[in-house]
Amino acid sequence: MATIDMIAMGIYRISSFVPVWNITVNQFLIADDAPTLIHTGMYPMYDDVRKAIAQVLDPARLRYVVVLHFESDECGCMGRLLEAAPDAVLVCSRTGAAINLSQWDYSGPVLGVQDGDTLDLGMHSLRFLETPHVHHWDSLMLVEETTGSLFPADLFVQPGEQPAIVREDLGKQMCELYREIGIFAASEPVLRVLQRLERLGLQWVHPMHGGSLARDLWPKYAQALRTEPFAFDGTLLGKRLPE
Ligand SMILES: [Fe+2]
Ligand SMILES: [Fe+2]
């Protein structure tokens with residue numbers, strides 16, 4: 001069963017705890033003239049995600065389904081959500097559209113975006129940042145400009161069943177989790193993006209695993225990334241690989 005909380009003006013966090021991974025999987029719904037869902041959850045989560053959206057608006061009204069990179073937790077429900085919403089368009093990076101959606105059996109509408117592209121939703125406005133290798137080749141982040149909200153996908157995650165808004169500095173636990181599962185090939189692409197994020201005047205950071213971080217807290221997570229090792233060091237999903 002997913003929980004739903006409003007976390008900023010017109011922005012809702014839909015969250016499900018996945019005990020086997022010890023993380024939450026979050027989607028974000030922006031209720032506006034062009035209703036938008038960011039991340040979809042895994043394929044089996046479809047009914048829960050759809051019901052949570054329906055508490056706020058008719059899922060058939062979705063206009064954009066944004067996939068910040070292609071993995072099942074980010075995109076597993078995209079086919080069914082798009083099918084059930086006749087005007088919906090899948091939004092991903094232009095790189096992601098080229099490498100993941102062409103020469104494949106996906107035939108729905110796609111909008112591939114590049115760094116600096118914007119989408120006007122009505123009261124809200126999205127601006128896209130290309131952030132390759134954080135943690136995929138096709139990775140995007142996006143800023144919702146009215147609320148100063150960053151959606152960084154898998155950056156700034158926290159393990160455990162976290163509330164909608166987290167007030168603790170769990171930066172060390174974040175870095176431990178990253179080392180344990182091995183999702184970042186190297187630290188350099190992440191540190192490069194941090195510098196850019198710090199110039200954006202963000203009010204909120206909404207990771208897709210864990211809870212949202214206010215403007216006074218997320219810099220502590222950035223600091224942890226600068227001071228703790230977090231890149232792949234030979235451990236993949238908890239298993240040490242042969243040297
Ligand atoms: Fe991911
Ligand atoms: Fe994720």
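This report walks through a predicted model of one protein chain with two iron ions.

## Ground rules

Because this is a predicted model, local features need pLDDT of at least 70 and side-chain atom pairs count only at pLDDT 80 or more, while totals for chains, interfaces and linings use all residues. Residues are numbered from 1 along each chain as its sequence is written, chains are lettered from A and ligands numbered from 1 in the order in which they are written, and side-chain values use heavy atoms, with hydrogens and water left out.

## The overall fold

Let's start with the whole chain. Its secondary structure comes to 7 helices and 15 strands; these are DSSP runs numbered from the N terminus, with helices (H or I) of at least four residues and strands (E) of at least two. The 243 residues have a radius of gyration of 17 Å, in agreement with the value near 18 Å for a compact globule. That radius is taken over C-alpha atoms, and the globule rule is 2.2 Å times the number of residues to the power 0.38. Along the principal axes, the C-alpha atoms fill a box of roughly 50 × 40 × 35 Å.

Of the 243 residues, 55% count as buried. Here buried means under 20% relative accessible area, exposed means over 50%, and partly exposed lies in between (1.4 Å probe, protein chains only). The chain exposes about 11000 Å², with carbon and sulfur atoms supplying 51% of it; the areas come from the Shrake-Rupley method with a 1.4 Å probe, and for residues only the protein chains shown count as cover. Among contacts (heavy atoms within 4.5 Å) between residues at least 6 apart in sequence, 62% join residues at least 24 apart.

## Iron ion (ligand 1)

Now for the metals. Donors are N, O and S atoms within 2.8 Å of the metal (3.2 Å for Na, K and Ca); water is not among the atoms, so sites may look incomplete. For the iron ion (ligand 1), the protein donors are His69 (NE2), Glu71 (OE), His135 (NE2) and Asp154 (OD), at 1.9 to 2.3 Å. Along the chain they follow the spacing H-x1-E-x63-H-x18-D. The 4 donor atoms subtend angles of 88 to 151°, which makes the arrangement irregular. For reference, four donors count as tetrahedral if all angles lie between 85 and 135 degrees; four count as square planar and six as octahedral if opposite donors are over 155 degrees apart and all others between 65 and 115; anything else is irregular.

His69 and His135 are both buried. The place of His135 is the loop between S9 and S10, and the peptide bond leading to His135 from Val134 is cis, with omega near 5°.

## Iron ion (ligand 2) and the bridge

The iron ion (ligand 2) has Asp73 (OD), Glu74 (OE), Asp154 (OD), Met208 (SD) and His209 (NE2) as protein donors, lying 2.2 to 2.7 Å from it. Their sequence spacing is D-E-x79-D-x53-M-H. Glu74 lies in helix H2 (residues 72-75) and Asp154 in the loop between strand S11 (149-151) and helix H5 (171-181), so this pair ties together parts that are 80 residues apart in sequence. Glu74 is buried at a relative accessible area of 0%, and Asp154 is buried at 6%.

Which residue bridges the two iron ions? Asp154 does, and the ions lie 3.6 Å apart. Ala153 lies in the loop between S11 and H5 and is buried, with a relative accessible area of 1%. Leaving out residues up to four places away in sequence, Ala153 touches His39, Leu68, His69, Pro207 and Met208. Ala153 and Leu68 are 85 residues apart in sequence, yet their C-alpha atoms are 6.5 Å apart in space.

## An aromatic cluster

The structure holds 5 aromatic pairs. Rings of Phe, Tyr and Trp (its six-membered ring) pair if their centres lie within 6.5 Å; planes under 30 degrees apart count as stacked, over 60 as edge-to-face and the rest as tilted. Tyr178 and Phe184 have ring centres 4.7 Å apart and planes at 90°, so the pair is edge-to-face. Phe184 and Phe230 are edge-to-face as well, with centres 5.7 Å apart and planes at 85°. Tyr178, Phe184 and Phe230 form one aromatic cluster.

## Two backbone details

Asn22, in the loop between strand S2 (11-18) and strand S3 (23-30), has a positive phi of about 55° although it is not a glycine. Asn22 is partly exposed, at 38% relative accessible area. Gln103, another non-glycine, has a positive phi of about 60° and counts as exposed at 80% relative accessibility.
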